[in-house]
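This report concerns a single protein model and selected features of its geometry. Please consult the sequence and the coordinates alongside the text.

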Amino acid sequence: MTPRLPRDRTLHTAGITGVGMSFPERRLTNADLEKMVDTDDAWIVERTGIRERRLVEPGTGASFHGALAARQAMEHAGITAAEVDQIIVPTVTPDMVFPATACLIAHELGAVNAWGYDLEGACSGFIFALQNARAQIEAGHARRILVVGTEIMSSITNYEDRNSCILFGDGAGAIVVERVEPERLGIIDAIHHVDGVGIRFLHQKAGGSVMPASAATVAGKLHTVYQEGRDVYKFAVKGMAGVTAEVVERNGLTGADVDLFVPHQANIRIIEAAQQRLGLPDSKVMITIDRFGNTTSASIPSALRVACDEGRLREGHTVVLCAFGAGFTW
Ligand code: UT7
């Protein structure tokens with residue numbers, strides 16, 4: 001079979017030049033959850049790898065930590081808010097249904113020359129937004145774009161459902177994507193998928209146009225995450241491992257060429273499946289799920305920041321990012 005090679009009609013090269021993150025102080029530990037639902041620390045750690053997550057105080061919107069993460073990313077990249085051309089915000093928990101959280105973050109930052117929008121790709125939202133940013137820069141439509149993955153998952157989590165409430169946390173991660181000189185490398189390749197077969201396994205029933213909010217939807221807790229975890233798990237293992245191997249192999253690389261694998265943090269066992277497929281040692285795999293849980297679109301950019309802070313990510317490294325989420329998207 002002829003490999004699907006990426007088209008090369010680019011005018012410019014796009015690279016990630018700054019990363020940032022912001023998390024609330026408040027911790028929700030497995031011990032705390034033991035007091036809320038019928039669960040235990042050993043089950044959660046063994047099945048998911050999660051030990052604690054961060055939660056905001058009620059009333060905090062996604063833009064709050066999003067703006068803080070964005071500031072840190074801009075500082076890291078050495079750019080000012082006025083130099084940002086676009087802000088893309090992947091999120092499933094925007095401050096409001098409208099306007100876009102991107103508008104709120106632009107206002108908070110004083111990014112007076114930027115336009116922007118929110119993007120709904122669930123747990124793959126950050127990866128999808130990165131591809132949008134890359135395309136805009138390669139085509140010459142923008143020089144500097146902020147991608148801000150920010151989530152208040154606690155606002156859509158049912159803390160009476162042990163199947164899902166143990167999984168999610170709040171927080172934000174942000175990156176600056178910039179036009180870079182080709183010799184500084186930049187983004188090499190990407191593969192994206194959606195498949196609506198996943199709709200029934202992972203969704204939020206109410207609050208959209210099909211089922212607007214009513215007293216009954218609130219009473220039924222239909223504004224929270226509905227997930228058939230076991231089914232999602234099977235698709236996630238196949239999707240994450242498959243697409244990660246495909247993007248590496250079609251570029252003539254192997255696991256030995258990869259310096260760091262930064263996967264979406266949904267379940268340690270899903271990450272390990274992708275890790276094994278590439279034959280990567282633990283030292284090349286970023287794990288932050290133990291401390292932050294699943295933060296949806298914030299997990300990859302915040303893990304990139306942790307990697308920088310821990311000295312595991314440096315300019316010139318070959319990095320693979322991968323996610324799987326509702327839709328399905330991957
Ligand atoms: O990020 C977006 C995409 N989402 C994902 O990637 C999530 C994918 N799914 C998963 O990560 C896993 O399916 C879960 C972590 C959600 C669940 O783990 P699992 O190993 O698939 O467990 P299960 O749903 O098959 O449940 C096994 C048992 C059940 O009991 P029975 O029916 O065997 O008696 C559950 O009722 O574990 C029970 N269980 C729990 N027990 C203690 C479910 N939740 C809990 C809990 N504590 N919190």
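The sections below treat aromatic rings, helix packing, individual helix residues and backbone geometry in turn.

## Aromatic pairs and the aromatic cluster

The model is predicted. A search of the whole structure yields seven aromatic pairs. One of them is formed by F324 and F328, whose ring centres lie 5.0 Å apart and whose planes make an angle of 45°. The pair is classed as tilted because stacked rings have planes under 30 degrees apart and edge-to-face rings have planes over 60 degrees apart.

Both partners fall below the 20% limit for burial: F324 is buried because its relative accessibility is 7%, and F328 is buried because its relative accessibility is 1%. F324 and F328 also belong to one aromatic cluster, which is completed by F201, F235 and W330.

## A lysine over a tyrosine ring

A charged side chain is also placed against an aromatic face in this model. K205 is positioned over the face of Y226, with a distance of 4.0 Å to the ring centre.

## Packing of helices α3 and α4

Helix α3 spans residues 62-77, and helix α4 spans residues 101-109. The two helices pack with their axes 9 Å apart and at an angle of about 55°. This angle makes α3 oblique to α4, since it is neither under 35 degrees, as for roughly parallel axes, nor within the 65 to 115 degrees of a roughly perpendicular arrangement. The crossing of α3 past α4 is right-handed.

The contact surface can be described residue by residue. From α3, the residues involved are A62, S63, G66, A67, A70, R71 and M74. They meet T101, L104, I105, E108 and L109 of α4.

## Two buried helix residues

Helix α5 covers residues 125-138 and includes E138. This glutamate is buried, as its relative accessible area is 13%. When neighbours within four places in sequence are set aside, E138 is in contact with T10, L11, H12, A14 and I187.

A274 belongs to helix α9, which runs over residues 268-278. With a relative accessibility of 0%, A274 counts as buried. Residues up to four places away in sequence being excluded, A274 touches M240, A241, T244 and F261. The C-alpha atom of A274 is separated by 15 Å from that of D259, and these two residues are 15 residues apart along the chain.

## Cis peptide bonds

F98 and P99 are joined by a cis peptide bond, with omega at about 0°. P99 is located in the loop between β4 (86-90) and α4.

Another cis peptide bond leads from G327 to F328, with omega near 0°. F328 is placed in the segment after β11 (319-322). The residue that receives this cis bond is thus also the partner of F324 in the tilted pair.

## Positive phi outside glycine

Which phi value does A122 adopt? Its phi is positive, at about 50°, although A122 is not a glycine. A122 lies in the loop between β5 (115-119) and α5, and its relative accessibility of 9% classes A122 as buried.

K221 likewise has a positive phi, near 55°, and is a residue other than glycine. Its place is the loop between α7 (215-219) and β9 (225-227). K221 is partly exposed, with a relative accessible area of 36%, because this value falls between the 20% limit for burial and the 50% limit for exposure.

How values were computed. Residues are numbered from 1 along each chain as its sequence is written. This is a predicted model: local features need pLDDT of at least 70, side-chain atom pairs count only at pLDDT 80 or more; totals for chains, interfaces and linings use all residues. Side-chain values use heavy atoms; hydrogens and water are left out. Rings of Phe, Tyr and Trp (its six-membered ring) pair if their centres lie within 6.5 Å; planes under 30 degrees apart count as stacked, over 60 as edge-to-face and the rest as tilted. Buried means under 20% relative accessible area, exposed over 50%, partly exposed in between (1.4 Å probe, protein chains only). A charge sits over a ring if NZ of Lys or CZ of Arg is within 6 Å of the ring centre and within 35 degrees of the ring normal. Axes are lines fitted to C-alpha atoms, for helices over the stretch in contact, and angles run from 0 to 180 degrees between N-to-C directions. Helices (H or I, at least four residues) and strands (E, at least two) are DSSP runs, numbered from the N terminus. Angles under 35 degrees count as roughly parallel, over 145 as roughly antiparallel, 65 to 115 as roughly perpendicular and the rest as oblique. A crossing is left-handed if the near helix is turned anticlockwise from the far one by less than a right angle, and right-handed if clockwise. Contact means heavy atoms within 4.5 Å.
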